[in-house]
Amino acid sequence: MNLDETLYELCRAAVPAFADTAFVHLYDPLPVGDEVSAAPGVLRLHTTDRVSSQGPTTPAAAPDFRDAPGPERPVQAAEVVPPSTDGRLAKLLEDGRPVLGNTAGVASTAAELLGAANAPQAMPPGQRLIIAPLHGRHHALGSVVLLRGPGRPDFTDDDILVASQLATHTALAIDKAMLFAREASVADTLQRTMLPPSLPEPPGVQLASRYLPASRTAQVGGDWYDAIPLPGHRVALVIGDVMGHSMTSAAIMGQLRTTVQTLALLDLPPDEVLHHLDEQAGRLGTEHTATCLYAMYDPVLHRLLISNAGHLPPVLVHPDGRGEILRVPPGAPIGVGIGGFESTELHAPAGATLLLYTDGLVESRDSDVLTGVERLRARLHAAASGAVPPVLETLCDEALGTLGAGDRDDDIALLAARFEGILPETVAYWYMAPRPQTAGQARRLTRRTLHLWGLDSLVESTELLVSEVVANAVRFASRPITLRLLCTHVLRCEVGDDSPIVPRMRHARLSDEGGRGLFLVDQLALRWGATRVSTGKVVWFELPLPGDQVLG
């Protein structure tokens, strides 16, 4: 399954038992499978071996004999050979049968491979050279040149059969190695495409992640992580692992990750997200199971809500460096169909770091999972106990340091979140009855708050937009509506009501009395949107702060 190891075994079998020197040229690029290339590439010297060397060497490491005296100068091979499509060399490689050096018409071909076109004396005389094409299942892959020195007998017809067997087995192994490498590349690309290309940067939390594929298999796993911004500057933190290692596991992982993203945007509590995810997994087939941990962080309340479906417990590194394994009820894995998930609420102090991970990080042949989790906690505690807490990227590297030496049997996903929180003085929150006078009340509260925050330059535009959004909420709400202002890197306004009807922007006609509110929001706001939540919907918009002003 490895190209270099295959060529090493070829040279070890041929030198010195069969020949004194072996040169292996391969096409660059090498054809893979049954793909059809427009024209063959050049041949490059890939591997050499001599009786006098300590084993197979690469062309760059081969000894330099350019200054050796003429009679004792060993035969050299050309580093690059550009065979013409209709030339003798290309036809010989396509034919696939080994030939002796003194065969009619082979001398020029051998000279190309040995770089001896201008030095005929470098060619070994008689039957001391065999050119054995390397021909895979569908394509010519290159050639191996075998040479004997003057102290050994010439090659015979029986030796041609031996060379043919060596070349055939080597070519099939090269073919398999290239297919394996392509499948591994496709699998790895599939896996990484299904993972988030980048993490969001929500206010009040820092995020970092790692993903390491298994090193002992070309088949991908089902490990994934995600960070999903939610209304109110909250963020959902997700880690999961589909059982098994195959393309199917990766495909199931992609479907489950998409389902989690959809459920998260409905603003459901973590236990409800896992419940619906479990139902969706059942529709995909009972043979697929997965573990998943879903956490929701609120930077305003400094609270963490977690639900677990058979996954390993997260580790919380407190601001003082103390590492704690969070005892979250594990629940049954996704796909089992038992349900019964619970949500656990925890305090998330500013400066604390939450680490979510998959079992590849803590499980090995040398230790069980519980020992690995405890080792991870201790390592994080040691890394965070200094006078200055390490940056999040460094902490992730420290977490990966728990891996022992050697190949990994499982892939690893890691998601770290450092909680910073949002200062209470940068948040204003009100409940208001859905009455015609509510829009005016919202304008007064907004004006007073912006003046308190020193954002008088934003009063006029914010009042206008708040009035439009609140007036729209009053039309549909049957219960008190909410108004929340947050000042972080932007000024954000959120208006929530109990109606599931999400407003849509439309262009009002000249004769219409309304329908221009969201058009104003769209024109004046930096960004805006509407999100359905379990209690109704939230309409929000953001305005840039004057200059670089940020409260707190």
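Here is a walk through this structure, from the whole chain down to single residues.

Keep in mind from the start that this is a predicted model. The protein's secondary structure comes to 11 helices and 21 strands. Of its 552 residues, 51% are buried. To the outside, the protein exposes about 26200 Å², and carbon and sulfur atoms supply 53% of that area. The chain also meets itself across long stretches of sequence: among contacts with a separation of 6 or more, 69% are between residues 24 or more positions apart.

Let us look inside next. In soluble globular proteins, nonpolar side chains tend to be buried together. Here, the largest nonpolar core has 51 residues, and those with the most contacts inside it are W224, L237, Y294, I334, L354 and F419. Strand 10 gives the most to this core, with seven residues. There is also a second, separate core of 49 residues, which includes A22, L89, L113 and A140. To get a feel for the largest core, you can start from L237. Leaving aside neighbours within four places in sequence, L237 is in contact with residues including L207, D226, L293, Y294, L354, L415 and F419.

Now turn to a sheet. Five strands form an open sheet in the order 8-9-10-11-14, with antiparallel pairing. Which strands stand at the edges? They are strand 8 (221-229) and strand 14 (343-347); each has a single partner strand, so one side of each is left without a neighbour in the sheet. From one strand to the next, the twist averages 15°. Strands of a sheet pair through backbone hydrogen bonds, either parallel or antiparallel. Strand 8 and strand 9 (residues 235-245) run antiparallel and are joined by nine bridges. If you would like one pair to find in the view, take G222, whose bridge partner in strand 9 is V242. Helix 6 packs on this sheet, where it touches strand 10, strand 11 and strand 14. The direction of helix 6 makes about 25° with that of strand 11.

Two loops around these elements hold backbone surprises. Most residues other than glycine have a negative phi, and most peptide bonds are trans. D267, in the loop between helix 5 (247-264) and helix 6 (270-284), has a positive phi of about 60° although it is not a glycine. H302 also has a positive phi, of about 55°, and is not a glycine either. You will find H302 in the loop between strand 10 (290-298) and strand 11 (303-309). Are these two loop residues buried or exposed? D267 has a relative accessible area of 12%, so it is buried. H302 is buried because its relative accessible area is 18%, under the 20% cut-off.

The beginning of the chain has an exception of another kind. The peptide bond from V15 to P16 is cis, with omega near 5°. P16 sits in the loop between helix 1 (3-14) and strand 1 (21-28). Moving on into strand 1, you meet H25. At 0% relative accessibility, H25 counts as buried. Beyond its neighbours within four places in sequence, the contacts of H25 include L43, R44, A77, V81, L113, L134 and G142.

For contrast, look at another histidine, H169, which lies in helix 4 (residues 157-194). H169 counts as exposed because its relative accessibility is 54%. H169 and L10 are 159 residues apart in sequence, and in space their C-alpha atoms are 9.0 Å apart.

Our last stop is helix 9. How well does its span agree with expectation? At 1.5 Å a residue, the 15 residues of helix 9 (residues 438-452) should span 21 Å, and the end C-alpha atoms are 21 Å apart, which agrees. An α-helix has 3.6 residues a turn, so residues three or four places apart point the same way. The buried residues of helix 9 are T438, A439, G440, A442, L445, T446, T449 and L450. What covers them includes strand 17 (427-432), helix 10 (459-476), strand 18 (481-487) and strand 19 (490-497). Just after helix 9, G454 takes a positive phi of about 75°.

Technical notes. Residues numbered from 1 in each chain as written. Predicted model: local features only at pLDDT ≥ 70, side-chain atom pairs only at ≥ 80, totals over all residues. Heavy atoms only, no water. Helix = DSSP H or I, 4+ residues; strand = E, 2+ residues; numbered from the N terminus. Buried < 20%, exposed > 50% of the residue type's maximum accessible area, 1.4 Å probe, protein only. Contact = heavy atoms within 4.5 Å. Areas by Shrake-Rupley, 256 points an atom, 1.4 Å probe, with all protein chains shown as cover. Core = buried A, V, L, I, M, F, W, Y, C linked by side-chain atoms within 4.5 Å. Expected span 1.5 Å × (residues − 1). Pairing = 2+ DSSP bridges. Axes fitted to C-alpha atoms, helices over the stretch in contact; angles between N-to-C directions.
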